[in-house]
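The following dialogue is a guided reading of one structure. Please keep the sequence and the three-dimensional view at hand.

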Amino acid sequence: MFNIVSFIPKAVVQGIPLLYGSTGEIVTQKSGNLNLGIPGVMYVGAISGVIGAFNFEQAVKSYEAANAAEIAAAAASNSPDAFLTYGVPFLSVLIPMLSCLLGSLLMGLLYCFLTVTLKANQNVTGLAMTTFGVGFGNFFGASLIKLSGADVPSIALTNTSKYFSVKLPFAESAGWFGKIFLSYGPLAYLSIIIAIVAALVIKKTRVGLHLRAVGESPATADSAGINVTMYKYGATCIGCMIAGLGGLYYVMDYATGVWSNDAFGDRGWLAIALVIFTIWKPDMSIFASILFGGLYILYLFLPMNIDHMEYQQLYKMIPYVVTLIVLVITSIRNKRENQPPASLGLPYFREER
Amino acid sequence: MGNTKPDNSRIPAVQMKNITKRFGLVTANSGVNLELYKGEILALLGENGSGKTTLMNMLCGLYFPDEGEILINGKPATIASPKDSFSYGIGMVHQHFKLIDVLSAAENIVLGLDEKLDIKKAGAKIREICDKYGFDVDPNQKIYDMSVSQKQTVEIVKVLYRGADILILDEPTAVLTPQETEKLFAVLRKMKEDNKAIIIITHKMHEVESLSDRVAVLRKGKYIGDMRTADTNAAEMTDMMVGRKVVLNIMRPEPVNPKDRILVNGLTVKSEDGITKLKNVSFTIRSGEILGIAGISGCGQKELLEAIAGLQVVESGSIEYVDDKGKREQLLGKDPKQIRDMGVGLSFVPEDRLGMGLVGNMDLTDNMMLRSYENGRGPFTDRKGPQRLAQSVVNELEVVTPGLSTPVRSLSGGNVQKILVGREIASAPKVLLTAYAVRGLDINASYTIYDLINEQKKAGVAVVYVGEDLDVLMELSDRILVLCGGEVSGILDGRTADRQEVGALMTKVGGNSDGKN
């Protein structure tokens, strides 16, 4: 029996990393940069967060070990250690977040330096960054696993994860409503806020108008006095940071703090497919990501004959097939507003006008 | 003619002193002095590559001069970016419109401004400007829905919206019909009365004479001189531009023994998205004759030529080739190569010049080979023939190139066009289709091309000439076919047709009286 109340929350948690990735990529693409490095950026965002969390957890452990006596005494006197009570929860969220943002920002800067400043080919740069990002993630992932001395090929950061997966207070008591709408960690809600803000900025503000202009025709934007380089750098770096948070959400909330190599899989590519699916609209991406998330795990909810496991692969294909169909439909309808930014993927030389 | 004389005792609105700009080893401008006064229209003349656009780009902040200084209203000004340029009240309408297709007129107009984004308020201000100068712009219309002349209007409103009182227009009439040009000139004259300073770049002498108060001439990046338009004439201005005497007559030899060469009957062509591009077009192309095709750009000229050359899918109709013995052969259904082998040469110069016909990254010899790649034995191509051909084109047409192995991309527009036309002519065609053969070329290079076309005509080739400059078209063609919205609006005799008549036919099928203003 298909249980919709348990299916939707699963689809949502699958969809959130995709939402981060696609929002980031939309912001990037609106500036005319086709960043195919997003899957790599999400890996780097995730592992940077993991590195930050791992080091912080180690630091907390040695603090506890060094001050065991004082902590015990403080607990006994009913005035618990201030650092452990207030500092640790705060820093457990802040440090992985900042490391994640920093890691993704560096990837964004690298991409911009290559494609905007040095005018390298965007496709090649992006693909190289994906390969690099996945390798970077796996290398440090394996190193941390070795450092932690775990006997399974993964590293669990449950102490950090518990702060990332705090549920809203009424999630348990509100029945099906609570399960569907309230049962997610803060980063999930943040992703929706970011998507809405991104949509508003692109559609309604001056910055958004300028950004669209840069992506459509950098020469026009340039002659209108818009700093093309600044917008391209800005949009791409912010886009990478948003996408990086998707990686962080995946590890800290979805995977409950467990990093294992290659677990993130091909979600980065799905995020890029979503950009086309939503015809470059972050607000549409909220629903589209949840739909894709649902399609991604649909096979788990369908009756499965154990003799025919290959059918699973067919179901897993659905998101990509849907993207192809959307591409076909938008190409046939040929509405100008639904086309990709006109200068997408092209470097801008001022002299070549 | 300008009745308001610039009062030279006043401070110039723009004064450029000893401006020099280099790009690597190339000096685009060297020691240029230019003055522009309020309430005057200055025509800036010069051949292609003489540095007009570079000079103007320094005023509008896209380039920064290497040497020299710019004074605005008598005060030294540093124009390092387009923003600085706006702040000095300078606005430029570029030759290739700087508009974003998917945005509305209002969004394009406020683009880059620091004010609060309020499209409604902007729309009101745009309407105000439109009322003042007699423009017609719908602020909410998307650019991709607009005609060329509407787009240009948006460009001008954009400049005025920023409060510009110094206007630069780079070849504004290249894409307009005579009627639209007159309308533009009326607006410019009104702005002049409004005490604005205007610079206009154009290659069309009669426009210089009818519009400007003063002309300034550049040659090879150097400032040659300026004079009052009233005191000079087209011949003198051209001589100054070129640096030697130029004969400004387009020959029109009588057709020699014209015979029907291609019969087009009831040709209908639809684009991929189902829009009718040509509707029931019928005409005859004759040997030893130049058939000019006039029309607003995008009226089916491209589709017509491509249909004849076999590059376009045809909905209905027939195109028949008549050989010397009078035998008719259907061209439809033949592939481009078969048509070419029959002697139909297409020299089509698209908007981006290199797009069709030449490969930018390949050198001269290789581009010649695009027509002869099937010659040669076995899997190897024959390079000697094309090399000889390239050399002869370079020699005969005076192509300026460092060598035969230079990529075509790095040559200037005029030279690229000479190579393209030269190659087509070298294949000794029976029919020569040319479109925009002189697009963007200066007077001198244009006349070389006209001579080439006339020589072909004398040799008995049937020439189809699609052009933008109506005056040239009317001087060159034996007959003029006017297209309007994909229909034949009229076929006139080139010797008796007049501008207004052609203009009226271009805007309305069959023409009408209100076209003759």
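Q: How many residues of chain B are in contact with chain A?

A: Two residues are in contact if their C-beta atoms, placed from the backbone, lie within 7 Å. On that basis, 17 residues of chain B are in contact with 18 residues of chain A. Helix H2 (residues 82-87) of chain B gives the largest share of the side of chain B that touches chain A, with 3 residues. Helices (H or I, at least four residues) and strands (E, at least two) are DSSP runs, numbered from the N terminus. The residues on that side of chain B divide into 9 nonpolar, 3 polar and 5 charged. Here Ala, Val, Leu, Ile, Met, Phe, Trp, Tyr, Cys and Pro count as nonpolar, Asp, Glu, Lys and Arg as charged, and the others, Gly among them, as polar.

Q: On what conventions does this reading rest?

A: This is a predicted model, in which local features need pLDDT of at least 70 and side-chain atom pairs count only at pLDDT 80 or more, while totals for chains, interfaces and linings use all residues. Residues are numbered from 1 along each chain as its sequence is written, and chains are lettered from A and ligands numbered from 1 in the order in which they are written.

Q: Which order do the strands E1, E2, E4 and E5 of chain B have in their open sheet?

A: Strands of a sheet pair through backbone hydrogen bonds, either parallel or antiparallel. Two strands are said to pair if DSSP finds at least two bridges between them. In chain B, an open sheet of 4 strands has the order E2-E1-E4-E5, with antiparallel pairing. Its edge strands are E2 (26-36) and E5 (75-77) of chain B, each of which pairs on one side only. From one strand to the next, the twist averages 30 degrees.

Q: How many bridges join E1(B) to E2(B), and which residue stands opposite Met16(B)?

A: E1(B) and E2(B) run antiparallel and are joined by 7 bridges. Met16(B) stands opposite Leu34(B) in E2(B). These two strands form a hairpin with 2 residues between them, and Gly24(B) in the turn has a positive phi of about 60 degrees. E1(B) is also joined to E4(B), in the antiparallel sense, by 5 bridges; Thr20(B) has Glu67(B) in E4(B) as its bridge partner. Between E4 (residues 67-72) of chain B and E5(B) there are 3 bridges, and Ile70(B) stands opposite Ala77(B) in E5(B).

Q: Which helix packs on this sheet?

A: Axes are lines fitted to C-alpha atoms, for helices over the stretch in contact, and angles run from 0 to 180 degrees between N-to-C directions. Helix H1 (residues 52-59) of chain B packs on the sheet and touches strands E1 (14-23) and E2 of chain B; the direction of H1(B) makes about 115 degrees with that of E1(B).

Q: Where do the domains of chain B lie along the sequence?

A: Domain bounds come from an automatic or database domain assignment. For chain B, the assignment gives domain 1 (14-242) and domain 2 (260-515). Their centres, taken over C-alpha atoms, are separated by 32 Å. Contact involves 15 residues of domain 1 and 20 residues of domain 2 of chain B. H8(B) provides the largest share of the side of domain 1 that touches domain 2, 3 residues.

Q: Which strand order does the sheet containing E11(B) have?

A: This open sheet of 4 strands in chain B has the order E12-E11-E14-E15, with antiparallel pairing. E12 (276-286) and E15 (328-330) of chain B each have a single partner strand, so one side of each is left without a neighbour in the sheet. E11 (residues 260-270) and E14 (residues 316-322) of chain B pair over 5 bridges, and Asn265(B) has Ser318(B) as its bridge partner in E14(B).

Q: How does one describe two helices that cross, such as H4(A) and H5(A)?

A: Angles under 35 degrees count as roughly parallel, over 145 as roughly antiparallel, 65 to 115 as roughly perpendicular and the rest as oblique. The axes of H4 (residues 82-117) and H5 (residues 122-148) of chain A come within 10 Å and cross at roughly 150 degrees. H4(A) and H5(A) are therefore roughly antiparallel to each other. Their contact has 5 nonpolar, 4 polar and no charged residues.
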